[in-house]
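Student: I want to see how the labels on this model are justified. Can we go through them one by one?

Tutor: Gladly. Here is the model.

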Amino acid sequence: MAAHTQKNNKPGKPGGKEAQPLIIAKTPAEEQRLRLERLMRNPDKAAPIPDRPKEWNPRAPPEFVRDVMGSSAGAGSGEFHVYRHLRRREYQRQDFLDKIADKLDEDQQYLDKVEKNKQEAEERTAKRRKKREKLKQKKLMAKKAKLESKNKEDEEDKSSDSSEEDKEEEEEREAEDDAEAPSFIMGRK
């Protein structure tokens, strides 16, 4: 059995890592290509997606400092380096806190600006909406006035038609009456 496994693991034989020739990437693009090829050899295998790197946080300042540096003489030569390191770490922490405060201020300013822009846009929209409503009302009023004037004209036409008809009827009646009524010209006595 041992001989059988040795036979399969020989370089150059298909079936293992040895089957793939060793390629060294010379450029980042080539390295990316090789990684993609390796991923695509087995598409069923899950691709490793790295987590987002955590934001750096400085160490919290100590609650109780045991060996306080003093300004008195007699400090050893090594104490300066300890002091320098502590000072650098404190400056880093303060810079970090300042950056966070600036970022929060910028975020708040951005949110305020977005809110202000939304409010201004809403005001403009309301103003335009009001203008459209006024225009719509004017159009409706004009339409009503036009219909009313048309109705009045129709009524006048009807009334004038009816008054003309009435006048014609009266004239006809008068003509008939004239024909029937005796006239002094006819000589009736």
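Tutor: Start with a pair. The side chains of Arg-93 and Glu-90 meet in a salt bridge, with N to O at 2.8 Å. Keep in mind that this is a predicted model.

Student: What makes the Arg-93 and Glu-90 pair a salt bridge?

Tutor: The N to O distance is 2.8 Å. The cut-off is within 4 Å, between a side-chain nitrogen of Lys or Arg and a carboxyl oxygen of Asp or Glu. Arg-93 and Glu-90 therefore qualify.

Student: Where do Arg-93 and Glu-90 lie?

Tutor: Both are in helix α3, three residues apart, about one turn of the helix. Helix α3 covers residues 79-180.

Student: Why is Arg-93 called buried?

Tutor: Its relative accessibility is 18%. Buried means under 20%. So Arg-93 counts as buried.

Student: And Glu-90, what is its class?

Tutor: Glu-90 has a relative accessible area of 28%. Partly exposed runs between the 20% and 50% limits. Glu-90 is therefore partly exposed.

Student: Which residues does Arg-93 contact, leaving aside its neighbours within four places in sequence?

Tutor: Pro-58, Arg-59 and Pro-61.

Student: How many salt bridges does the structure hold?

Tutor: Three. Another one joins Arg-35 and Glu-31, whose closest N and O atoms are 2.9 Å apart. Glu-37 and Arg-33 also meet in a salt bridge, at 2.8 Å from N to O.

Student: Why are Arg-35 and Glu-31 said to be about one helical turn apart?

Tutor: Because they are four residues apart in helix α2. The argument also holds for Glu-37 and Arg-33: they are four residues apart in helix α2, so about one helical turn separates them.

Student: How do you know whether Arg-35 and Glu-31 are buried or exposed?

Tutor: Set the values against the limits. Arg-35 is at 43% relative accessibility, so it counts as partly exposed. Glu-31 has a relative accessible area of 36%, so Glu-31 is partly exposed.

Student: What about Glu-37 and Arg-33?

Tutor: Glu-37 is at 36% and is therefore partly exposed. Arg-33 is at 39%, so Arg-33 counts as partly exposed.

Student: Now the surface. Which residues form the nonpolar patch?

Tutor: Leu-36, Leu-39 and Met-40, with about 300 Å² of accessible area together. Leu-36 sits in helix α2, residues 28-41.

Student: What makes Leu-36 accessible enough for a patch?

Tutor: A patch residue needs over 30% relative accessible area. Leu-36 is at 45%, so it passes that limit. The value also makes Leu-36 partly exposed.

Student: Which residues gather in the patch of positive charge?

Tutor: Arg-124, Lys-127, Arg-128, Arg-129, Lys-131 and Arg-132. Lys and Arg count as positive, so the label fits. Arg-124 lies in helix α3. At 44% relative accessibility, Arg-124 counts as partly exposed.

Student: Why is the patch with Glu-165 called negative?

Tutor: Its members are Glu-165, Asp-166, Glu-168, Glu-170, Glu-171, Glu-172 and Glu-174. Asp and Glu count as negative, so the name follows.

Student: And how do you class Glu-165?

Tutor: Glu-165 is placed in helix α3. Its relative accessible area is 47%. Exposed needs over 50%. Glu-165 is therefore partly exposed.

Notes: Residues are numbered from 1 along each chain as its sequence is written. This is a predicted model: local features need pLDDT of at least 70, side-chain atom pairs count only at pLDDT 80 or more; totals for chains, interfaces and linings use all residues. Side-chain values use heavy atoms; hydrogens and water are left out. Helices (H or I, at least four residues) and strands (E, at least two) are DSSP runs, numbered from the N terminus. Contact means heavy atoms within 4.5 Å. Patches are made of residues with over 30% relative accessible area and no salt bridge: like charges are joined within 9 Å, nonpolar side chains (Val, Leu, Ile, Met, Phe, Trp, Tyr) within 5 Å. Accessible areas come from the Shrake-Rupley method with a 1.4 Å probe; for residues, only the protein chains shown count as cover. The place of a charge is taken as NZ of Lys, CZ of Arg, CG of Asp or CD of Glu. Buried means under 20% relative accessible area, exposed over 50%, partly exposed in between (1.4 Å probe, protein chains only).
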